Amino acid sequence: MSETILVVNAGSSSVKFQVFAVGPYDQLERRMRGQLEGIGTHPRLFARGSEGETLVDQRWSAQEIPDVPTAFGEAVSFLRAHGNGELPIAIGHRVVHGGPDFTVPTIVSGEVIKKLEPFIPLAPLHQPNNLAPIKVIHEKHPHLLQVACFDTSFHRGHPAVADYYAIPDELHTEGVRRYGFHGLSYEYIAGQLPDIAPEITSGRVIVAHLGSGASMCAMVDRKSIDSTMGFTALDGLPMGTRPGQLDAGVVIYLMQQKGMSADEIERFLYKDCGLKGLSGISNDVRDLLASSEPRAKFALEYFVYRIATLTGMLAAAMGGIDGFVFTAGIGENAAPIRAAVLQRLAWLGFDLDAEANAAGASRITTKNSPAACFVIPTNEGLMIARHTLNALRAQSIPLREEKLA
């Protein structure tokens, strides 16, 4: 692995990883991708090589892989065996929250880790798990270059009017502001627009990152000017288990009338709401599309409704709209959701090409549609690898023959 970059994306229930080979002229070629999913429930390590071949498919009991550090250790054991124990030249990590100070990909140090830990309450499903592998590697291999790539960075150029809340200014100074997330995904899509959708590249575009976590970003000339997510990853669109936009008075009600503690409210909002809460069935859109239950249908209708209404909000922020892009797991694969959204957005000039949408085409609006819509697969891992390689080159760090522990 001495000529490779390892990319790590650790979440609450999975550790995803990719290995990129560094080729001539610093071209990056993915050699492997995998994940250890079902942490604490049904742990499974699965990885495929560059040709799609299965490299590992291993399962454990819940007790054997109870948390992210343990899962990362197993993933490292596999990578060590597969790569003859050699270290990658650098490791790039997705870190959800960079707060007000971290605006660009940053080389990890002990001080950086300490400065990122206070943002754990702002992204409790993500931040502690993002940091866990960083800490493990930093302790075992303190000289190995690690780069933290932040989901908030892409949105840091917003105008002040988009980032403020209507609260006393001293709270904004402390960091209580709208940040926006999924920035690595949006940054990748912005880079793809000139090749895939040149007619809207310089225009007013909304990108919908629709997955278990979901948000939308308003871009003008490929730069973020607003987002549906704010201070935390709870805001905006309804998600798999998160409610999205919510009157703050609901939280007061839960405290005063239901007697819920702060920890109980946090757990409730992050794990029991969204599509799961609405449907009472599942947080997975695939399950809801396959279900005949009325609550499943309603949950999807609500999801589509909120995508459409928040599109109107972002279009107002841009002064109009020229294009729309679907990306991430739901956006790339759920044709019925895309169709339902575009039907609601017909008033903005989107004329759905039903056949193209059903076939999974890149452009899913008709040739004469006043506004164009595309489906573009995201690649946050490649974005992280690029940032990591740039940081490595800037440091001019020589290769080492150290082994991966």
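Me: What makes strands β9 and β10 a pair in this predicted model?

Reply: Pairing takes at least two bridges between strands. Seven bridges join β9 (residues 204–210) to β10 (residues 214–220). Therefore they count as paired. The two strands run antiparallel. Within the pair, I206 stands opposite A218 in β10.

Me: Why is the sheet of five strands called open, and which strands are its edges?

Reply: The strand order is β11-β10-β9-β12-β13, with mixed pairing. β11 (223–227) and β13 (372–375) each pair on one side only, so they are the edge strands. Neighbouring strands of this sheet are turned by 25° against each other on average, direction ignored.

Me: What makes the span of α6 agree with its 14 residues?

Reply: The expected span is 1.5 Å times one less than the number of residues. For the 14 residues of α6 that gives 20 Å. The end C-alpha atoms are 19 Å apart, which agrees.

Me: Where does α6 lie on the sheet?

Reply: Helix α6 (residues 183–196) lies across β9, β10, β12 (323–327) and β13. It runs at about 50° to β10. Helix α11 (residues 294–318) also packs on the sheet. α11 touches β9, β10, β11 and β12, and its direction makes about 25° with that of β10.

Me: Which residues of α6 are called buried, and why?

Reply: Buried means under 20% relative accessible area. Among the α6 residues that are buried are L184, Y188, I189 and L193, so each falls under that cut-off. The buried residues of α6 pack against β6 (90–95), β8 (146–150), β9, β10, β12 and α15 (380–395).

Definitions and conventions:
Residues numbered from 1 in each chain as written. Predicted model: local features only at pLDDT ≥ 70, side-chain atom pairs only at ≥ 80, totals over all residues. Heavy atoms only, no water. Helix = DSSP H or I, 4+ residues; strand = E, 2+ residues; numbered from the N terminus. Axes fitted to C-alpha atoms, helices over the stretch in contact; angles between N-to-C directions. Contact = heavy atoms within 4.5 Å. Buried < 20%, exposed > 50% of the residue type's maximum accessible area, 1.4 Å probe, protein only.
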